[in-house]
Amino acid sequence: MKKSRISLVFQLLLRNILKHLLQGLAVLAPIGITIWLVVSGFNFIDGILPNIIHSIFPDLIKENPDGSLKRIPGVGFIVVVIVVLLVGRISSSFIFSKIVEAFDTILEHTPGVKFIYSSVKDFFEAFSGNKKKFDKPVMVNVDANDVWRLGFITSKDALGFNLPDHIVVYVPHSYAISGITYIVPKERVRIVNNMNAAEAMKFIISGGITEHD
């Protein structure tokens, strides 16, 4: 009887330890992962300029004993951000647009490179720029009659597939960067008016955990 009581107490103690451990992880994991991603992203961007300069002019930037480049933390990050802002500012100018168009034509017709370039270009244009695609959240019915998936309209028609009454919808996966493209009849798609694109993407990626008012 005494041994069973000790065993019960021990089990309760383990349960409490496990409970508090999981609660601690639930609090610290999002904070830790967010900090890690922000710091990693900052260090990556901050190192772009020194790496480029060192590869072109090796003598301008020396290496530390551990092989890393000597640099002033933050300078590279600021320069990259400024360059990106300037490119965004002048991207609509006639001369700059013609230069970009020329590079675009070259890369689009370079064997091997064109696939990578076009894929990356289409991915970023789907989220920003004049050709932004992921801006119309919808519910699409592709399973059972009363089961809906949340996604985004990427094309208002499917004429290229000889399906004039269909819509192309991209449905992202939860906790992943992948997704599925569906070509479905227009009547199986419902526009989501009470949720913007960012809220819809956050809802999908979180697996529906994120609350929406």
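1. Which residue in β5 does Val138 stand opposite? In this predicted model, the residue facing Val138 is Ile191. A good place to begin, then, is the strand that holds Val138, namely β1, which covers residues 137-140. Strand β1 pairs with β5 in the antiparallel sense, over 3 bridges. On the β2 side, β1 is again paired in the antiparallel sense, this time over 4 bridges. One detail of that pairing to look up on your screen is Met139, whose bridge partner in β2 is Leu150.

2. Let's stay with Val138 for a moment. Its relative accessible area is 0%, so Val138 is buried. Setting aside residues up to four places away in sequence, Val138 touches a run of residues from Arg149 through Leu150, Gly151 and Phe152 to Ile153, and also Val169. The list of contacts continues with Val189, Arg190, Ile191 and Val192. If you would like a distance to check, the C-alpha atoms of Val138 and Met195 are 9.4 Å apart, although 57 residues separate the two along the chain.

3. Now the sheet as a whole. It is an open sheet of 5 strands, ordered β4-β3-β2-β1-β5, and its pairing is antiparallel. At the edges sit β4 (179-185) and β5 (189-191), each of which pairs on one side only. On average, neighbouring strands are turned by 45° against each other, with direction ignored. Helix α5, residues 197-205, packs on this sheet and touches β1, β2 (149-155) and β3. The direction of α5 makes about 130° with that of β2.

4. The β3 and β4 pair deserves its own point. Strand β3 spans residues 166-172 and runs antiparallel to β4, with 7 bridges joining them. Pro172 takes part in this pairing, with Gly179 in β4 as its bridge partner. The hairpin of these two strands has 6 residues between them, and there Tyr175 takes a positive phi near 55°.

5. On to the hydrophobic interior. As background, nonpolar side chains in soluble globular proteins tend to be buried together. Here the largest nonpolar core has 10 residues in all, among them Phe134, Leu150, Phe152, Tyr170 and Val192. Met195, Ala197, Ala200, Met201 and Ile204 also belong to this core. Both β2 and α5 supply at least two of its residues, and the largest share, 4 residues, comes from α5. There is also a second, separate core of 9 residues, which includes our starting residue Val138 along with Ile153, Val171 and Val184.

6. Two asparagines in loops are worth a look. Asn141 lies in the loop between β1 and β2. Is Asn141 buried or exposed? With a relative accessibility of 8%, below the 20% cut-off, Asn141 counts as buried. A polar atom of the Asn141 side chain lies 2.8 Å from the backbone oxygen of Val147. Apart from neighbours within four places in sequence, Asn141 is in contact with Val147, Trp148 and Arg188.

7. The other asparagine, Asn162, is placed in the loop between β2 and β3. Its relative accessibility is 69%, so Asn162 counts as exposed. If you inspect the backbone there, you will find a positive phi of about 60°, although Asn162 is not a glycine.

8. Finally, the charged side chains. Side chains of opposite charge can pair when their charged atoms come close. The count for this model comes to 1 salt bridge. Which residues form it? The partners are Asp143 and Arg149, whose closest N and O atoms are 2.9 Å apart. Asp143 has a relative accessible area of 41% and is therefore partly exposed. Arg149, at 30% relative accessibility, also counts as partly exposed. Arg149 links back to the second point as well, being one of the residues that Val138 touches.

Methods: Residues are numbered from 1 along each chain as its sequence is written. This is a predicted model: local features need pLDDT of at least 70, side-chain atom pairs count only at pLDDT 80 or more; totals for chains, interfaces and linings use all residues. Side-chain values use heavy atoms; hydrogens and water are left out. Buried means under 20% relative accessible area, exposed over 50%, partly exposed in between (1.4 Å probe, protein chains only). Contact means heavy atoms within 4.5 Å. Two strands pair if DSSP finds at least two bridges between them. Axes are lines fitted to C-alpha atoms, for helices over the stretch in contact, and angles run from 0 to 180 degrees between N-to-C directions. A polar contact is a pair of N or O atoms within 3.5 Å; within protein, one must be able to donate a hydrogen and the other to accept it, and residues adjacent in sequence count only if both atoms are side-chain atoms. A nonpolar core is a set of buried Ala, Val, Leu, Ile, Met, Phe, Trp, Tyr and Cys residues joined through side-chain atoms within 4.5 Å. A salt bridge is a side-chain nitrogen of Lys or Arg within 4 Å of a carboxyl oxygen of Asp or Glu.
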